[in-house]
Amino acid sequence: MRTFIATLGLALLAHGAQAQAAQPDCANAQDQASMSACAAADYKKADAALNAAYKQAAARLKDDKDQHQRLVAAQRAWIAFRDAECAFATGLSEGGSAYPMLLAQCQATLTTQRTAELQAHMKCEEGSLDCAIPAN
């Protein structure tokens, strides 16, 4: 029984060490692996914010099928642009240790910009003729 408890304890310690290693101190990241992990986490956070803004925009357009389809088309085109732009912007570093960090940084930057664009589309002044997503 003691062997089981000791083994379980070691397993829990190892799991805790892995979890802590997976979450580096991004404010003080010193090595490439940590910097890449932090950049990936930033991109994941930016992507979640974009998804929330997109869902809000889509919900506001639920009664306008044509404009909703335009939003879908624009978002798909934007994703293709983001991916192509980041591939271009980071292409010379491809295969290097910094590449994952640089790619994630590019993706996070463009994703944050797109989120701001969608949010701006949802803040139209009343009576604006160039409003893409009118208030409900």
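This report describes helix packing and disulfide bonding in a predicted model.

**Packing of α3 against α4**

Two packed helices are described by the angle between their axes and the distance between the axes. For helix α3 (residues 65-90) and helix α4 (residues 99-121), the angle is about 150° and the axes are 9 Å apart. Because angles over 145 degrees count as roughly antiparallel, α3 is roughly antiparallel to α4. The crossing of α3 over α4 is right-handed.

On the α3 side, the contact comprises Leu71, Ala74, Gln75, Trp78, Phe81, Arg82, Asp83, Glu85, Cys86, Ala89 and Thr90. These residues meet Tyr99, Leu102, Leu103, Cys106, Gln107, Leu110, Thr111, Arg114 and Leu118 of α4. By character, the residues in the contact of α3 with α4 are twelve nonpolar, four polar and four charged.

**Packing of α2 against α3**

Helix α3 also packs against α2 (32-60). The axes of α2 and α3 come within 11 Å and cross at roughly 165°. The two helices are therefore roughly antiparallel to each other, and α2 passes α3 in a right-handed crossing.

From α2, the residues making this contact are Tyr43, Asp47, Leu50, Tyr54, Ala57 and Ala58. Their counterparts in α3 are His68, Leu71, Val72, Gln75, Trp78 and Arg82. The contact of α2 with α3 contains eight nonpolar, two polar and two charged residues.

Some residues of α3 take part in both contacts: Leu71, Gln75, Trp78 and Arg82 are listed with the α4 partners and again with the α2 partners.

Another residue of α3 is Gln67. Gln67 has a relative accessible area of 17%, so this residue is buried. Leaving aside residues up to four places away in sequence, Gln67 touches Leu61 and Ala132.

**Disulfides**

A search of the whole structure finds three disulfides. With the bonded cysteines numbered in sequence order, they pair as 1-2, 3-4, 5-6. The sulfur separations are as follows.

| Disulfide | S to S distance |
|---|---|
| Cys26 to Cys38 | 2.0 Å |
| Cys86 to Cys106 | 2.2 Å |
| Cys124 to Cys131 | 1.9 Å |

The link of Cys26 and Cys38 is left-handed, with -95° about the S-S bond. Cys26 lies in the loop between α1 (2-22) and α2 (32-60), and Cys38 lies in helix α2, so the pair ties together parts that are twelve residues apart in sequence. The two ends differ in burial: Cys26 counts as partly exposed at 43% relative accessibility, whereas Cys38 is buried at 8%.

For Cys86 and Cys106, the torsion about the S-S bond is about -90°, so this disulfide is also left-handed. Cys86 in helix α3 and Cys106 in helix α4 are 20 residues apart, and their pair links distant parts of the chain. Both cysteines also belong to the contact of α3 with α4 described above. Cys86 is buried, with a relative accessible area of 0%, and Cys106 likewise counts as buried, at 14% relative accessibility.

The link of Cys124 and Cys131 is right-handed, with 95° about the S-S bond. Cys124 counts as partly exposed, at 28% relative accessibility.

Methods. Residues numbered from 1 in each chain as written. Predicted model: local features only at pLDDT ≥ 70, side-chain atom pairs only at ≥ 80, totals over all residues. Heavy atoms only, no water. Axes fitted to C-alpha atoms, helices over the stretch in contact; angles between N-to-C directions. Helix = DSSP H or I, 4+ residues; strand = E, 2+ residues; numbered from the N terminus. Parallel < 35°, antiparallel > 145°, perpendicular 65-115°, else oblique. Left-handed = near helix turned anticlockwise from the far one by under 90°. Contact = heavy atoms within 4.5 Å. Nonpolar A, V, L, I, M, F, W, Y, C, P; charged D, E, K, R; others polar. Disulfide = S-S within 2.5 Å. Buried < 20%, exposed > 50% of the residue type's maximum accessible area, 1.4 Å probe, protein only.
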